[in-house]
Amino acid sequence: MLNKLFPIIVLICFAFSTHAQNQDSAYIFSYFRGNGEDGLHLAYSEDGLKWAPLKNDQSFLSPKLSPDKLMRDPCIIKGPDGLYHMVWTVSWTQKGIGYASSKDLINWSEQLYVPVMEHEENARNTWAPEITYDPVTKQYMIYWATTITGEFPETQVEADNGYNHRMYYTLTKDFKSFTETMLLYEPGFNCIDATIQKNADKWMMVIKDETREPAEKNLKLAFADHLEGPYSEASEKITGDYWAEGPTMIKINDEWHVYFDRYIDNHFGLIKSKDLKTWTDVTDQLDFPKGIRHGTILKISQKELNKLKAVKP
C-alpha cells in the first residue's frame with residue numbers, strides 16, 4: 001500500500017513546493033517618466049499583468065551624469081555576484097552610458113560614466129543600453145544603439161533627424177575594465193532597442209526595426225548560438241499595426257512575454273508566445289501605471305519586494 005501511495009505523496013510535495021516557490025517571487029519593472037529627469041522608477045507585480053508603482057511612483061535614484069542629467073531606459077539585471085547592475089541612457093547626444101550597482105534596488109553605488117563611443121569622432125549618441133550575462137564566458141555584455149555619421153549609407157534617410165542606428169557592444173567581468181567596442185548586429189536596416197535572453201541552447205534578440213521610409217517601427221526576432229553572435233536575419237515583425245519600441249522579455253509559465261512601449265498610443269503593450277512563432281496580443285489584460293516608459297522586467301523574491309514596499313517617498 002505504501003509503495004502505491006509513495007508516487008502520489010511525491011507529486012503532492014512537488015506541487016506544494018512549486019506553489020511555495022511561485023508564492024515567494026514577484027516581478028519588478030524598472031522605468032522612467034517624462035524625459036528621464038527625475039531618475040529610476042520601479043513598479044511591482046505578482047502575476048506580470050497587474051502592476052503598481054513603488055514609493056508612490058517617486059524616484060529611487062536621481063541622475064547625476066552628463067550635462068543633461070537624464071536616466072532614460074534603465075536596464076537592471078541581477079548578476080551571479082548577487083548585485084543588481086543597471087545601465088541607462090544619460091543624454092540624447094553623449095557618447096557614453098551610465099552604470100550603477102545595488103544590493104537591494106534601494107541603495108545605489110556611485111554613478112559611473114562609461115565612455116563606450118568616445119573613441120568614435122562621428123558617433124552621435126548612445127541609446128538604450130542593456131546588459132546580458134553569459135554564464136559560459138562569465139562575462140557581461142553591454143549593448144546599445146549608436147548612429148555613426150557616414151556609416152551604412154544604404155539605409156540613410158533625412159527623416160527622424162537623420163539617425164541611422166546599429167547595435168554595438170562591449171564586454172566586462174567587473175564593470176571596471178571593458179573590452180574594445182565592437183559592432184554587434186547589422187540587420188540591413190536602422191535598428192535600436194535590442195534586448196537579449198537565453199532560450200534553450202540559443203540566444204534570442206528582440207529588436208526594433210527603426211526604418212522610417214517606408215515606416216516599420218516594429219519589433220522583430222533574431223537568434224544566435226553565442227551571445228556575441230553572429231545573429232540571424234531578422235524575422236517578420238512580431239508586433240501589430242502600431243509603432244512599438246523599448247522591448248523587455250521574460251518567461252512566465254512556459255510562455256515568453258514581451259513588454260514594449262506603444263509610445264504613439266501612450267501606453268505599454270504585451271504579446272506572448274510558447275513557440276516564438278505564434279504571438280498573442282494580451283495588452284487588454286495589462287495594467288501598468290500611466291506614463292510608464294521604456295524599462296526592464298526582472299524577478300525578485302517576496303522578501304526583497306517587502307523591503308521595497310517599505311520605502312517611503
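**Entry 1: the β12–β13 hairpin**

I began with strand β12, which spans residues 191-199, and I noted that 7 of its 9 residues are buried, so that the strand is mostly covered. I should record early that I am reading a predicted model.

Next I looked up the partner of this strand, and I found that β12 and β13 pair in the antiparallel sense over 7 bridges. As one example of the pairing, I wrote down that Gln 197 has Met 204 in β13 as its bridge partner. The two strands form a hairpin with 2 residues between them, and in the turn I found Ala 200 with a positive phi of about 60°.

Within β13, which covers residues 202-209, I picked out Trp 203. Is Trp 203 buried or exposed? I noted a relative accessibility of 5% for Trp 203, and because buried means under 20%, this residue counts as buried. I also checked Trp 203 against His 257, and the two are 54 residues apart in sequence and 16 Å apart in space, taken from C-alpha to C-alpha.

**Entry 2: the loop between β13 and β14**

I then followed the chain into the loop between β13 and β14, where I found Pro 214. A cis peptide bond joins Glu 213 to Pro 214, with omega at about -10°. In the loop between β14 and β15 I came to Pro 230, and here a cis peptide bond joins Gly 229 and Pro 230, with omega at about 10°. I reminded myself that most peptide bonds are trans, and that most residues other than glycine have a negative phi.

Lys 217 also lies in the loop between β13 and β14, and its phi is near 55°, a positive value in a residue other than glycine. I compared this entry with Asn 266, which has a positive phi of about 60° although it is not a glycine, and which sits in the loop between β16 and β17. As for their surroundings, Lys 217 counts as buried at 3% relative accessibility, whereas Asn 266 counts as exposed at 67%.

**Entry 3: salt bridges**

My last search was for charged pairs, and I recorded that the structure holds 16 salt bridges. Side chains of opposite charge can pair when their charged atoms come close.

Which side chain does Lys 217 meet in a salt bridge? I found that it meets the side chain of Asp 160, at 2.7 Å from N to O. The pair links distant parts of the chain, since Asp 160 is in the loop between β9 and β10 and Lys 217 is in the loop between β13 and β14, 57 residues apart. Asp 160 is partly exposed, with a relative accessible area of 31%.

I also noted the salt bridge between the side chains of Asp 241 and Lys 237, at 2.8 Å from N to O. Here Asp 241 counts as exposed at 75% relative accessibility, while Lys 237 is partly exposed at 38%.

A further salt bridge joins the side chains of Glu 245 and Arg 293, at 3.6 Å from N to O. Because Glu 245 lies in strand β15 and Arg 293 in strand β19, this pair ties together parts that are 48 residues apart in sequence. Glu 245 is buried, with a relative accessible area of 13%, and Arg 293 is partly exposed at 22%. I closed the entry with the network that salt bridges with shared partners build, which joins Asp 160, Lys 208, Glu 210, Arg 212, Lys 217, Glu 245, Asp 261 and Arg 293.

Notes: Residues are numbered from 1 along each chain as its sequence is written. This is a predicted model: local features need pLDDT of at least 70, side-chain atom pairs count only at pLDDT 80 or more; totals for chains, interfaces and linings use all residues. Side-chain values use heavy atoms; hydrogens and water are left out. Helices (H or I, at least four residues) and strands (E, at least two) are DSSP runs, numbered from the N terminus. Buried means under 20% relative accessible area, exposed over 50%, partly exposed in between (1.4 Å probe, protein chains only). Two strands pair if DSSP finds at least two bridges between them. A salt bridge is a side-chain nitrogen of Lys or Arg within 4 Å of a carboxyl oxygen of Asp or Glu.
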